[in-house]
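Subject: Handing over the model

Hi there,

Here is the structure I promised you, with my notes below it. Have a look and tell me what you think.

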Amino acid sequence: MSAIKSLALLTLVLTASLAFGQNATVQGKVHSKRNDAPIEGVTVRLTNINDTAETYVAPTDAKGFYWFPGLQFKTYVLSIIEVGYLTLVDTISVVRPVMDLGDRGMTQTVIPLDEVLVQERAIPVVQKNDTTEFNAAAFKTHPDADAGDLVEKMPGVTVQNGNVTAQGEQVQQVLVDGKPFFGNDASLALHNLPADAVDKIQVYDKKSDQAEFTGFDDGQSIKTINIITKPDKRNQTFGKLYGGAGDQDRYQGGGSVNSFHED
């Protein structure tokens with residue numbers, strides 16, 4: 001094998017190794033073709049082409065910008081959806097750590113209708129002052145998914161190797177309906193709550209106890225996730241069991257049970 005072929009093979013191997021060892025970010029912008037103005041609040045959706053349950057949703061900001069951090073190197077269906085505009089659909093393959101999809105224009109459309117049927121659609125993300133609130137109903141999960149699987153589908157939130165990060169910062173506390181759940185172990189808390197019990201996910205910087213008591217901001221805060229449960233799930237006992245067996249008399253099993261009563 002020549003030196004040039006050897007170098008090319010080594011480069012290919014190193015590139016593949018890097019691709020499997022890191023996450024990627026996909027970003028882009030959306031504007032109106034009519035006046036070139038950015039469009040705010042457009043729903044941008046990425047769906048794994050091989051598993052539709054793996055779906056990520058992000059809204060565009062005031063400058064028409066959207067971004068999806070923490071993605072894996074896979075092929076996704078990109079959908080850009082906004083009322084009054086033609087939907088844009090494309091297939092993209094994430095092959096680089098940063099994928100800039102550029103500025104995409106949307107065409108306004110008017111469809112004459114004899115009858116109008118209004119259907120409510122879950123809004124994925126709402127910004128309330130310094131709190132980012134995700135609507136769980138807007139994110140599709142498997143029937144046996146837990147809250148950890150749910151939050152991984154939310155833009156800006158990742159769960160990896162027992163660490164939970166949100167908006168680039170490590171989550172140090174998980175609350176359920178405003179109350180501590182499993183102490184400071186964010187990953188354990190998320191994996192002990194079923195996804196179908198979740199109504200909303202709030203991400204914010206929680207002020208220190210002293211600052212909340214005195215009303216004086218001392219500059220100390222921790223990144224916090226607050227899980228708001230569905231009202232009909234707040235008086236239930238739920239859990240999960242698992243087991244498995246293999247060769248050489250090896251086996252495993254376990255489970256967890258949680259009981260919620262009022263508050």
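How many bridges join β10 to β11, and in which sense do the two strands run? Four bridges join them, and they run antiparallel. (Strands are DSSP runs of E with at least two residues, helices are runs of H or I with at least four residues, and both are numbered from the N terminus; two strands pair if DSSP finds at least two bridges between them.)

Before going further, a word on the source. This is a predicted model, in which local features need pLDDT of at least 70 and side-chain atom pairs count only at pLDDT 80 or more, while totals for chains, interfaces and linings use all residues. Residues are numbered from 1 along each chain as its sequence is written, and side-chain values use heavy atoms, with hydrogens and water left out.

Back to β10 and β11: they form a hairpin with two residues between them, and Asn 161 in the turn has a positive phi of about 55 degrees. Gln 160 faces Asn 163 of β11. The side chains of β10 alternate: Val 157 and Val 159 are buried on one face, while Thr 158 and Gln 160 point to the other and are not buried. (Buried means under 20% relative accessible area, exposed over 50% and partly exposed in between, with a 1.4 Å probe and protein chains only.)

Now the whole chain. It has four helices and 18 strands, and 37% of its 263 residues are buried. Its accessible surface is about 16,300 Å², with 52% of that belonging to carbon and sulfur atoms (Shrake-Rupley method, 1.4 Å probe; for residues, only the protein chains shown count as cover). The average pLDDT (the predictor's confidence in each residue, from 0 to 100) is 81, and 84% of the residues score at least 70. Please treat the start of the chain with care: pLDDT stays under 50 over residues 1-20, and the model has two contacts beyond four places in sequence for them. (A contact means heavy atoms within 4.5 Å.)

What about the interior? The largest nonpolar core has 31 residues, and Leu 193, Ile 201 and Ile 227 touch the most other members. (Such a core is a set of buried Ala, Val, Leu, Ile, Met, Phe, Trp, Tyr and Cys residues joined through side-chain atoms within 4.5 Å.) Among the elements that each supply at least two residues of this core are α2 (147-152), β10 (157-160), β15 (198-207) and β16 (221-229). A second, separate core of 21 residues includes Leu 46, Leu 71, Tyr 76 and Ile 80.

Strand β2 (residues 43-48) deserves a look too: five of its six residues are buried. It pairs in the antiparallel sense with β3 (residues 51-59) over six bridges, and a hairpin of two residues joins these strands. Thr 47 has Thr 55 in β3 as its bridge partner. β2 also pairs with β5 (residues 75-81), again antiparallel and over six bridges, and there Thr 43 is matched with Ile 81.

Lastly, two loop residues. Asp 36, in the loop between β1 (24-32) and β2, has a positive phi of about 65 degrees although it is not a glycine; Asp 36 is exposed, at 56% relative accessible area. Asp 249, in the loop between β17 (237-245) and β18 (251-259), has a positive phi near 55 degrees and is exposed at 74% relative accessibility.

Best wishes
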